[in-house]
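This report describes one protein chain for a reader who is new to structural biology. Please keep the sequence and the three-dimensional view at hand while reading.

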Amino acid sequence: MVATQGPHGSDISPRGDPAGFVHVIDERTLLIPDRVGNNRLDAMTNLLVNPRIGLLFLVPGMNETLRINGTARITDDARLLAPCAVNGRPPKVAWWSRSKRRSCICAKRACPIGALG
């Protein structure tokens with residue numbers, strides 16, 4: 001789930017792709033491809049005016065979630081998008097997100113961030 005906020009309010013929307021679609025650039029940076037979907041640009045529009053982003057990862061079959069808060073910017077850098085290709089088609093854009101705070105929420109308790117691998 002991706003949460004953003006812009007001049008007209010907040011937006012939260014689901015994101016998904018084949019397993020491994022979020023690319024870890026370094027310990028604070030994620031690259032999240034934006035696929036052609038329902039043609040709603042709420043999150044993208046919000047990021048243009050307010051770079052703050054909240055990410056909530058729900059992993060099927062796990063009782064834990066991973067929450068990351070930080071800032072993001074939109075990129076169309078072909079070098080970054082190439083590894084995000086699905087069926088030979090890279091996304092047109094991706095979000096480059098820098099985390100400021102991470103937390104893992106396990107069933108009935110908080111757990112260390114490393115618990116998710």
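The sections below go from the overall fold to the core, the charged pairs and selected residues.

## Overall architecture

The model discussed here is predicted. Its secondary structure consists of 2 helices and 8 strands. From the start of the sequence to its end, these elements follow the order β-β-β-β-α-β-β-α-β-β.

The protein has 117 residues, and 32% of them are buried. Its accessible surface is about 7,700 Å², and carbon and sulfur atoms account for 55% of that area. Contacts also connect distant stretches of the chain: among those between residues at least 6 apart in sequence, 59% join residues at least 24 apart.

## The nonpolar cores

The largest nonpolar core contains 14 residues. Within this core, Leu-30, Ile-32, Ile-53, Leu-55 and Trp-95 touch the most other members. Two or more residues each are supplied by strand E4 (29–34), helix H1 (42–49), strand E5 (52–58) and strand E6 (65–75). Another core, of 5 residues, lies apart from this one, and its members include Leu-31, Leu-81, Ala-94 and Trp-96.

Which residues does Ile-53 contact, leaving aside its neighbours within four places in sequence? Val-2, Ala-3 and Thr-4 are among them, as are Leu-47 and Ile-68. The list also includes Asn-69, Gly-70, Thr-71 and Ala-72, together with Trp-95 and Ser-97.

## Salt bridges

Side chains of opposite charge can pair when their charged atoms come close. How many salt bridges does the model contain? The count comes to 3.

One of these joins the side chains of Asp-34 and Arg-15, with an N to O distance of 3.5 Å. The two partners come from distant parts of the chain, 19 residues apart: Asp-34 belongs to strand E4, while Arg-15 is in the loop between E2 and strand E3 (23–26). Asp-34 counts as buried because its relative accessibility is 18%, which is under the 20% limit. Arg-15, at 31% relative accessibility, counts as partly exposed.

Another salt bridge is formed by Asp-26 and Arg-98, whose closest N and O atoms are 3.5 Å apart. This pair also links distant parts of the chain, with Asp-26 in strand E3 and Arg-98 in strand E7 (residues 93–106), 72 residues apart. Both partners are partly exposed: the relative accessible area is 35% for Asp-26 and 29% for Arg-98. In a further salt bridge, the side chains of Arg-79 and Asp-77 meet at 2.7 Å, N to O. Here Arg-79 is exposed, with a relative accessible area of 70%, whereas Asp-77 is partly exposed at 22%.

## The surroundings of Asp-34 and Ser-13

Asp-34 has further contacts besides its salt-bridge partner. Leaving aside neighbours within four places in sequence, Asp-34 is in contact with Arg-15, Met-44, Pro-91, Val-93, Ala-94 and Trp-95.

Arg-15 also takes part in a polar contact, at 3.1 Å, between its side chain and the side chain of Ser-13. Ser-13 is located in strand E2. Is Ser-13 buried or exposed? Ser-13 is buried, because its relative accessible area of 13% falls under the 20% limit. Not counting residues up to four places away in sequence, Ser-13 touches Met-1 and Val-2.

## Features at the surface

Ile-12 is also found in strand E2, which covers residues 9–13. With a relative accessibility of 55%, Ile-12 counts as exposed, because the limit for that class is over 50%. Together with Met-1 and Leu-58, Ile-12 makes a nonpolar surface patch of about 290 Å². Strand E2 therefore includes the exposed Ile-12 and the buried Ser-13.

A feature of the backbone appears at Asn-87, which has a positive phi of about 55 degrees although it is not a glycine. Where is Asn-87 found? Asn-87 is in the loop between helix H2 (78–81) and E7. Asn-87 is exposed, with a relative accessible area of 78%.

Methods: Residues are numbered from 1 along each chain as its sequence is written. This is a predicted model: local features need pLDDT of at least 70, side-chain atom pairs count only at pLDDT 80 or more; totals for chains, interfaces and linings use all residues. Side-chain values use heavy atoms; hydrogens and water are left out. Patches are made of residues with over 30% relative accessible area and no salt bridge: like charges are joined within 9 Å, nonpolar side chains (Val, Leu, Ile, Met, Phe, Trp, Tyr) within 5 Å. Accessible areas come from the Shrake-Rupley method with a 1.4 Å probe; for residues, only the protein chains shown count as cover. A salt bridge is a side-chain nitrogen of Lys or Arg within 4 Å of a carboxyl oxygen of Asp or Glu. Helices (H or I, at least four residues) and strands (E, at least two) are DSSP runs, numbered from the N terminus. Buried means under 20% relative accessible area, exposed over 50%, partly exposed in between (1.4 Å probe, protein chains only). A polar contact is a pair of N or O atoms within 3.5 Å; within protein, one must be able to donate a hydrogen and the other to accept it, and residues adjacent in sequence count only if both atoms are side-chain atoms. Contact means heavy atoms within 4.5 Å. A nonpolar core is a set of buried Ala, Val, Leu, Ile, Met, Phe, Trp, Tyr and Cys residues joined through side-chain atoms within 4.5 Å.
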